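Colleague: I'd like to learn how to read a model like this one. Could you walk me through it, feature by feature?

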Amino acid sequence: MSNELDVRTCPITGKKVFKNAQNLIWINAVTAVVFILIGGIMAFTVAMTRWPAVHLLSADMFYRFLTAHGFNMLIFWIVFFEIAGLYFGSAVLLNSRLAAPRLAWFAYILMLVGAIIVDIMIFTGKATVMFTSYVPLKADPLYYVGVILFAVGALIGCAIFFGTLAVAKAEKTYEGSVPLVTFGLSAAAIIAVWTLACGAIIYIPTFLWSIGLIQNLDAAMYRLIFWGLGHASQQINVTAMVSVWYLLATLTVGAKPVNEKICRSAFVLYILFINLAPEHHLLTDPTLSPWHKMVNTSYMMYLAVLASMIHALAIPMTAEVAQRKKGYTKGMFEWLTKAPWNEPGFPAMIFSLILFGFIGGITGVTYGTEQLSIKSHNTWALTGHYHGTVVGGTTLAFMGLTYYVIPLIFRRNLIGKKWATAQVYIYAIGITLLTIGMGGAGTLGSPRRHWDVTFADAIIPFSFDPTVILFTTIAAIGGLIAVTGGAIYVGVSVLSVFFGRKLAPNEAKLL
Amino acid sequence: MAEEKDKISAWQLMFDDISLLFLLGMVIPTVLYLLWGVMEYANAPIATITGP
Amino acid sequence: MSIMSPEKYWWKPADLQEKIWITIAMLWCLVLTIMMFGWHFFGTQNPSIEPLKITPENYRTVSEAFIAKYKVGEEAGIPIVAPPDGADVYLRAQMWNWTPILKLKKGVNYKFHISSVDLMHGFSLMPIVMNFQIVPGHDNILNMTPTSTGTFHILCNEFCGIGHHTMIGKIIVI
């Protein structure tokens with residue numbers, strides 16, 4: 001392990017970067033990319049199976065790989081990347097040492113071991129239970145152990161983030177308030193703690209049930225608490241993604257928040273209300289009262305939606321102000337047309353914003369009402385919704401950020417900037433088609449998590465309107481394009497991290 | 001900014017206090033979502049239907 | 001820069017544009033909130049509002065009695081049941097079928113009790129696309145009145161094991 005005091009000064013931002021924080025960011029980010037690779041291969045097989053013209057996998061393998069796709073993408077890729085982000089947002093942005101680097105390594109190992117156990121269980125067919133693992137569908141007890149280990153590791157990661165905030169404050173490594181990006185990441189970490197606590201509350205009894213120590217678990221109550229993990233973990237993504245948007249706006253056009261009060265208030269609204277959103281999954285459930293459903297799904301009067309609306313104004317605004325200061329003042333939109341569209345960060349930010357807001361956000365708010373949930377619950381349209389938020393939104397933003405982290409933190413020259421830029425466009429087009437296909441087929445009733453929408457084996461014959469197959473085909477082609485974009489992402493980032501030219505200590509080259 | 005008061009807004013101080021935000025961020029969803037929901041499931045009547 | 005600490009006093013009034021945007025957004029959020037309660041109380045097409053737990057064993061007994069009482073035929077090994085007008089209807093989700101096949105009358109209100117005797121299932125009525133989560137141990141009580149005649153199918157849209165994609169049920173409305 002490197003010396004605690006080993007430190008360098010970043011030639012681009014002037015921040016002090018401690019070696020041990022840098023190493024931890026490196027390992028967590030690289031691990032995240034490994035998991036997006038696994039998840040991406042699964043995405044390809046799943047998309048090619050749902051497409052009736054190809055129907056690649058057997059039913060057994062399909063459900064197995066679909067479980068793996070969900071877990072590797074929704075949890076492993078994103079949480080590893082977020083832990084890297086949390087260490088960056090605390091240690092690097094605050095010029096501080098990391099609170100407890102040894103503990104951080106321990107947390108990393110817990111997460112990695114947990115993830116490996118979960119993947120082994122899934123791929124050997126002992127945990128074909130989908131991402132949700134609803135009881136009473138039982139997986140191998142080790143599967144639950146893996147999930148718990150991962151959650152505990154991530155929880156320790158969050159604790160280290162808060163610890164580092166405290167260390168930085170005590171050692172006065174910054175003046176006044178923390179930077180906006182750090183503030184946003186604090187919101188993400190707070191949301192994460194509640195999320196992971198829900199995970200512990202539900203997975204520990206589920207583990208005990210799987211080894212026979214508990215006889216009965218209420219299946220509906222499992223759903224209630226599980227979604228405290230399952231959906232709220234996606235709220236961590238939303239919050240981290242918005243922070244990344246602010247970060248990308250700074251890195252690409254040198255944007256400065258126009259009004260800190262507005263931006264921070266929006267993050268506070270996330271902290272307070274966004275974790276009520278898991279309710280969206282329970283709208284068509286029996287037993288739960290309409291009052292619980294309405295109060296929670298409205299996130300207390302849609303205040304978390306208001307927060308997203310505020311960010312939707314504030315982020316393009318920061319970019320516009322920064323661009324106008326540079327002299328791009330002709331007409332209404334010169335600031336936008338003269339933006340750095342030929343480097344990966346700016347289009348990644350804009351497409352992420354559009355896909356998140358217009359596809360993910362609008363579908364989310366509409367499907368999240370009691371009556372429209374009846375029309376959309378568990379259909380493929382839901383899958384389309386969160387591929388808009390978490391893939392088009394979060395993943396695309398994280399991909400864009402990776403290309404800047406490589407020179408900033410890993411001090412390597414990016415190999416293939418043109419590929420990196422093209423990747424962002426390809427990915428955005430792929431996800432757009434994918435979500436439109438899923439949304440269209442789902443609105444016509446195509447179910448999610450389904451091996452064969454032609455129902456060839458069904459005892460009672462049934463077939464869909466052919467439009468469903470058309471939309472499924474659009475989704476599959478979109479999926480193929482997105483997988484191609486994802487493959488370029490993995491290729492460019494892995495090549496750059498391991499074989500990119502090492503930057504000289506004073507070299508202030510970003511892209 | 002000379003004319004600005006030399007006192008930081010209470011809101012700004014509150015927003016800088018991560019532990020306060022943390023507390024609120026834990027309590028609100030725990031009470032409104034988790035506890036309320038668990039209570040509803042726990043208190044729901046159990047059917048004793050014997051025939052149609 | 002969003003990566004640098006802000007100036008000392010950053011709690012400042014918003015600009016006019018920001019105020020306009022936020023006010024509009026907030027008003028729209030209020031409209032959505034009011035509508036959410038409005039749809040529930042005045043729209044009256046809601047998911048289950050009667051809380052009821054039922055053990056899978058108890059539910060199976062009731063559902064078997066229901067089938068025995070009103071059975072009129074069989075298709076593909078699944079009983080066809082024609083309940084009298086306004087009866088309580090028991091539709092059982094199990095791996096991997098919806099039992100029984102129901103024969104209902106247009107314009108008559110039925111009280112559906114849908115539950116599962118094994119895993120979680122998803123009730124998805126086609127082609128009108130109405131979906132409900134079916135949870136073992138809980139009775140999803142729905143008052144439904146068929147408004148058109150014809151054959152309707154019920155898919156399962158919650159993963160329930162390897163045969164999930166073959167799970168199809170049927171409702172015939174005459």
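**Reading the model**

Modeller: Let's start where two chains meet: H8(A) and helix H2 (residues 18-43) of chain B pack at an angle of about 40 degrees, and their axes are 7 Å apart. Keep in mind that this is a predicted model, where local features need pLDDT of at least 70, side-chain atom pairs count only at pLDDT 80 or more, and totals for chains, interfaces and linings use all residues. Residues are numbered from 1 along each chain as its sequence is written, chains are lettered from A and ligands numbered from 1 in the order in which they are written, and side-chain values use heavy atoms, with hydrogens and water left out.

Colleague: What do the helix labels and the angle stand for?

Modeller: Helices (H or I, at least four residues) and strands (E, at least two) are DSSP runs, numbered from the N terminus. Axes are lines fitted to C-alpha atoms, for helices over the stretch in contact, and angles run from 0 to 180 degrees between N-to-C directions. Angles under 35 degrees count as roughly parallel, over 145 as roughly antiparallel, 65 to 115 as roughly perpendicular and the rest as oblique. H8(A) and H2(B) are therefore oblique to each other.

Colleague: Which residues in H8(A) and H2(B) meet?

Modeller: From H8(A) you have Val268(A), Ile271(A), Leu272(A) and Phe273(A), and they meet Leu21(B), Leu24(B), Gly25(B), Ile28(B) and Pro29(B) in H2(B). Contact here means heavy atoms within 4.5 Å. By class, the contact of H8(A) with H2(B) has eight nonpolar, one polar and no charged residues. In that scheme Ala, Val, Leu, Ile, Met, Phe, Trp, Tyr, Cys and Pro are nonpolar, Asp, Glu, Lys and Arg are charged, and the others, Gly among them, are polar.

Colleague: And a pair of helices inside one chain?

Modeller: Try helix H2 (residues 59-92) of chain A and helix H3 (residues 101-123) of chain A, which pack at about 170 degrees with axes 10 Å apart. H2(A) and H3(A) are therefore roughly antiparallel to each other. Their contact divides into 16 nonpolar, two polar and two charged residues. Phe71(A) and Phe76(A) are among the H2(A) residues there, with Met111(A) and Leu112(A) among those of H3(A).

Colleague: How many salt bridges does a search of the whole structure find?

Modeller: The search gives 14 over all chains. The general idea is that side chains of opposite charge can pair when their charged atoms come close. The cut-off is a side-chain nitrogen of Lys or Arg within 4 Å of a carboxyl oxygen of Asp or Glu. One case is Asp60(A) with Arg64(A), whose closest N and O atoms are 3.2 Å apart. Both sit in helix H2 of chain A, four residues apart, about one turn of the helix.

Colleague: Are Asp60(A) and Arg64(A) buried or exposed?

Modeller: Buried means under 20% relative accessible area, exposed over 50%, partly exposed in between (1.4 Å probe, protein chains only). Asp60(A) is partly exposed at 34%, while Arg64(A) counts as buried at 13%.

Colleague: Which salt bridge links distant parts of the chain?

Modeller: Look at Asp285(A) and Arg223(A), whose side chains meet in a salt bridge at 2.7 Å, N to O. Asp285(A) is in the loop between helix H8 (260-273) and helix H9 (290-297) of chain A, and Arg223(A) is in helix H6 (residues 219-230) of chain A, 62 residues apart. Asp285(A) and Arg223(A) are both buried.

Colleague: What about backbone oddities?

Modeller: Most residues other than glycine have a negative phi, and most peptide bonds are trans. Here the peptide bond from Val135(A) to Pro136(A) is cis, with omega near 5 degrees, and Pro136(A) is in the loop between H3 and helix H4 (141-170) of chain A. A cis peptide bond also joins Met126(C) and Pro127(C), with omega about 5 degrees.

Colleague: And where is a positive phi found?

Modeller: Lys172(A) has a phi of about 50 degrees although it is not a glycine, and Lys172(A) is exposed, at 69% relative accessible area. Arg449(A) has a positive phi near 50 degrees too, but Arg449(A) is buried, at 10%.
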